[in-house]
Structures are given as C-alpha cells and as structure tokens.
Amino acid sequence: MTAASPLLAIRGLRAAYGKIEALKGVDIEINSGEIVALIGANGAGKSTLMMTIFGRPRARAGQILYDGKDITTVPTHEIAHLRIAQSPEGRRIFPRMSVAENLRMGADVTDSTDAERDSTLERVFALFPRLKERFAQRGGTLSGGEQQMLAIGRALMSRPRLLLLDEPSLGLAPLIARQIFDAIRTLNRQDGLTVLIVEQNANHALKLAHRGYVMVNGLITLAGSGAELLQRPEIRAAYLEGGRHT
Amino acid sequence: MDYFAQQLINGLVLGSIYGLIAIGYTMVYGIVGMINFAHGDIFMIGGFIALISFLILVSFGLTAVPLILLVVLLVSMVITALYGWTIERIAYRPLRHSFRLAPMLSAIGMSFVLTNYSQVAQGARVKPIPPVITGGYTLHEGAEGFAVQLSNMQIIVVLATIVLLTLFTWLVSRTRLGRDMRACEQDQTMAALLGVDVDRTISMTFVIGAGLAAVAGMMYLLYYGQVDFNMGFVAGIKAFTAAVLGGIGSLPGAVLGGLAIGLIETFWSAYFSVEYKDVAAFSILIIVLIFMPTGLLGRPEVEKV
C-alpha cells in the first residue's frame, strides 16, 4: 500500500491562528482509494488541518504534497481546481441560495458541460434523494441533516478525487448519520473516491475507514488501521466510552 | 392635474438617475459589506469623461448624434470602470482584513481625492454643453396654457434605467459571475473553497458599479446639460439614501428607493419649497427606517443556522 506515492502527503505541517499554534508538526499520508479517519477531541486541530490543506490558515512550516506536487502555497481558490473538495466544519452552505444553486456552486469549478453536470447531479440525488425534493428551496430553510447532505452533495458536484469531510455526522439523528456514512462507503467502493474524514464519533469513523490517525493538541499521536485503533484501550477510553480518561 | 403629471414625470427621471447610482452602492455593500463613499464621485468622473469624450468627438467634426452618443457611452463606461477597479485595488483591498471602519475611512478619503483632483484638472467652474437630444411630446394641453411635456431625453433616461436594471438583475441571478458574487456576499471563505477567486469577483463588482455610475453621469450631463466637480457629493448621498431606503443589498430596491427619493424631492419642491426638498427626502428616509429597518425591499436578517 505504501509502495505507490500517496495521493496526499502532509509532512511536518505547522499552522497557527495568530500566536496560538494549532498544528505543531503533523504528518499524514492518504493513498488513492482510501478512506482515512482523523479522530481527536474538540480543539485538537482536526478542522485546522482540513482548512490548512486549502491554505486557510496558511501553513507556517512543512509541506503538503498532492499527487506528487507541492501545493503548500497554492492560493485557496485554485485548490478546488485540483479536484480536492471539502465539506467544511459547520457545513457552510449558502443560506440565501436555493439547493439547486448551492449544488451549482460546487459544479462551477469543473467547467463541465450541461450533460456532465446533470449526470453528476443524478448521482448526488441517488445518494441523497432528499435534496431532489428540496431542490428549489433556500439552503437556509433546510434542516441540519439536509444541510449536511447539501454540503456533501455540493462537494461531490465538483467531481473530486480527494474529498475532505469535516464532522459529517455532527448534530444528526443516528439514522441520518448512518445514511451519510453509507453514502461515503458507496462513493469509495464504486468510484474509488479518496476520503479524509474528521469525526468525533470515533466508533463510526474507524469502522468506516481503512486507516485512522489520532490527533491530540496539534500532533498525531497514534496511527493504524481502523480495526486496530478500535481495539486500542486508550482510544476506547478517550473516544468511545463516554470520554472516561484514566 | 397637469402640473401634478408634469412633476411626476420629472420626479421619475430624477429618481432613475439616483437609482442607477444606487445600484453601485447596493452591489458593493452586498458583497463586501462596505459603504463605498467614493461612489458618488465615480458618478461625477463618469459625467466628466462623457463630457470630454463628447467634446473630442465633436471637435473631430462628427455630427451623427446616435454614433457620438454610443461612443461616449462606451468610452465613459470603460474609463470609469477602470477608475472603480483602481480605487478598489489601491484604497480598499489592502484594508480588507483590517478593522471594519478602515475601508470606510479610506473611501471617504478617496472621495475627497477624486473631488479635488477633478477640481484641479478641470477647474471649479460648471461645464455646460449645448442640448444634444432635443424634442419631445406634449402629452396634454391644459386650459390655462400649461402643457405636460415629455422630452426625448427623459424617455431615454427612464428606458436606460429599466434596461440596465433588468440586465443586471439577470446577471446577478442567472450567470456564473452573479452566483459567484452572491456566494462571496454570503460566505467568502466557502466561496474560495469552491474555487471562486474572491478578489477577482470583488473587483468585478466595483467595475460593474462604476460602469453603471458612468451611465448615470452621462445621463446627468445630457439631461441637465452640465457637470461640475462637486456634483458627486449630493448625488452620492441621495443615491446612498435611495439604496438604504430600498433595502441595501437589493437591486430592485435600489431603483425603487431612487424613484422614491426623486419623487419626494420633486413634489416637495413643486408644492412646498425648493429650499427644504432635501429635508423632506431625508425625513421620509428616517420615518421609513423607523418602521421598516431593512428598507422597502430589504431582507430580514433571520436565518436558520
């Protein structure tokens, strides 16, 4: 698995908000076709890592290699053109745009033809039929779960190779969360989509992922296959059993 | 009744010019949340460039009025748009991540720069031109010899406003640029994550706003037959008022607000006193904002998060 060069390689990445250092030298690799989970407590720096890949904030040190190319200093708006898409923390759908327009915003970056766009749209509808029902409705009027589906759907509209998902199950009813995890698994198996998923729900994420990383205070402290990490007692204690620390 | 009808026409024409300027305020506010206080002066610059290009064309011996006007329109839109682009670039963009008031203060400074620069470059005197578009229609001949007139120039001003409002409403609601603009307005970071070049989109907003102000400046020149370096100040404040009255951020609101201010001002002048027309316009503004804080067509800031 490590023989081929990884799709995304992050080396010694540091990033900060003003004087507060959020990433203190992070190393992560994601191979093409993998689902990688990043778990950790609130404030560990997981979302910062996702955003630093897009240059917000800019990395202070270290390297981000995508498909062998250094993208550490590429402007934020050009990252999407490299077919990396993000469903960010807090979903960030456009509240005063319709569902249709939100999805269109995702597709615009591809410069694809109408026919290509329609076929991608059909795929998104197949994963999230609810979006079809809400197509003309304004984004701001959707429920939390629907907004989450829209944020993921919008990211998928850009036909990404690498999809970054930040807490896709946050605040969702268990049934809806499962639907979303199922959709991610389907995308990975059928299209070979590479996924980096940040989750507080470590149980779900590690069951879904091929591999996982654990982040504490801006550093990766543990890495391994999903199944392996699920068995580790410190993970069970910290993230799976109600946060009972020893 | 005839007198009333005539004032209605005059008010609508004045309001259309305010409306064209107001679109620039409302678009910029919508996207960067800043009041571009230099926008009134951009309108003045547009008027001057229309005047200068008009005089140059005439001095070349051109006599075909429609051709002259078309060239003047294009030249003033392009050059004024360039002013808008440059101002955003040098005075606002470097301050975008500064504290909220910084770009606003910079805009006020820019307004003074443009006013004084025009005064130095063009002189302080009012610059007149002879009537270019003449003729019109007598709509109604009154008993006491008062006739309701609708001039061709008035028709052009109102038509230009309707066409431009339609065009830009279409642009904002249906095109990719318009979608990008609205995306930047709602969440710049997310827009950038989706591949939108936020800086370029903001630049385009200033360019479009300035282009519309140039049309307004040219209409003003042709309608009133004069421009002067100071005309941007009062017109700018009125147009800004129009944008707020209509609901800042809304394009149809800007034109509606412009028409409202134009009508109030004209009727007040006609029936009460010319001296207090501005007092009337701004009093109405205050009253409307007390009862409708988001303006006539503004959206209430209620959203589900």
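1. In this predicted model, chain A contains an open sheet of 6 strands, arranged in the order β6-β7-β8-β3-β9-β10 and paired in a mixed fashion. Because β6 (84-87) and β10 (219-225) of chain A stand at the edges with a single partner strand each, one side of either strand is left without a neighbour in the sheet. Between neighbouring strands of this sheet the average turn is 15°, direction being ignored.

2. At the β6 edge of chain A, the pairing can be described residue by residue. β6(A) runs in the parallel sense with β7(A), residues 162-166, and the two are joined over 4 bridges; within that pairing, I84(A) has L162(A) of β7(A) as its bridge partner. Helix α6 of chain A, residues 144-156, packs on the sheet and touches both β6 and β7 of chain A, with a direction that makes about 175° with that of β6(A).

3. Turning to chain A as a whole, there are 10 helices and 10 strands. Its radius of gyration is 17 Å, close to the 18 Å that the globule rule gives for 246 residues, so chain A is as compact as a globular protein of that length. The C-alpha trace of chain A spans about 50 × 40 × 40 Å along its principal axes.

4. Two further values describe the packing of chain A. Buried residues account for 46% of its 246 residues, and, of the contacts in chain A between residues at least 6 apart in sequence, 67% join residues at least 24 apart.

5. The contact between the two chains draws 21 residues from chain A and 17 residues from chain B. On the side of chain B that touches chain A, α6 (176-186) and α7 (188-193) of chain B each supply at least two residues, and α6(B) gives the most, with 5 residues. Sorted by class, this side of chain B has 7 nonpolar, 7 charged and 3 polar residues.

6. For chain B, the unreviewed UniProt entry places the feature "transmembrane region" at residues 12-35, 42-61, 67-87, 153-172, 202-223 and 280-298. What are the helix and strand contents of the model over residues 153-172 of chain B? That stretch is 100% helix and 0% strand, and its end C-alpha atoms are 28 Å apart. Over residues 280-298 of chain B, the model has 63% helix and 0% strand, with the end C-alpha atoms 22 Å apart.

Definitions and conventions. Residues are numbered from 1 along each chain as its sequence is written. Chains are lettered from A and ligands numbered from 1 in the order in which they are written. This is a predicted model: local features need pLDDT of at least 70, side-chain atom pairs count only at pLDDT 80 or more; totals for chains, interfaces and linings use all residues. Two strands pair if DSSP finds at least two bridges between them. Axes are lines fitted to C-alpha atoms, for helices over the stretch in contact, and angles run from 0 to 180 degrees between N-to-C directions. Two residues are in contact if their C-beta atoms, placed from the backbone, lie within 7 Å. Ala, Val, Leu, Ile, Met, Phe, Trp, Tyr, Cys and Pro count as nonpolar, Asp, Glu, Lys and Arg as charged, and the others, Gly among them, as polar. UniProt positions are given in the numbering used here, feature names are shortened, and annotations may be inferred rather than shown by experiment. The radius of gyration is taken over C-alpha atoms; the globule rule is 2.2 Å times the number of residues to the power 0.38. A residue is buried if 20 or more other C-beta atoms lie within 10 Å of its own, exposed if 12 or fewer, and partly exposed in between; C-beta atoms are placed from the backbone.
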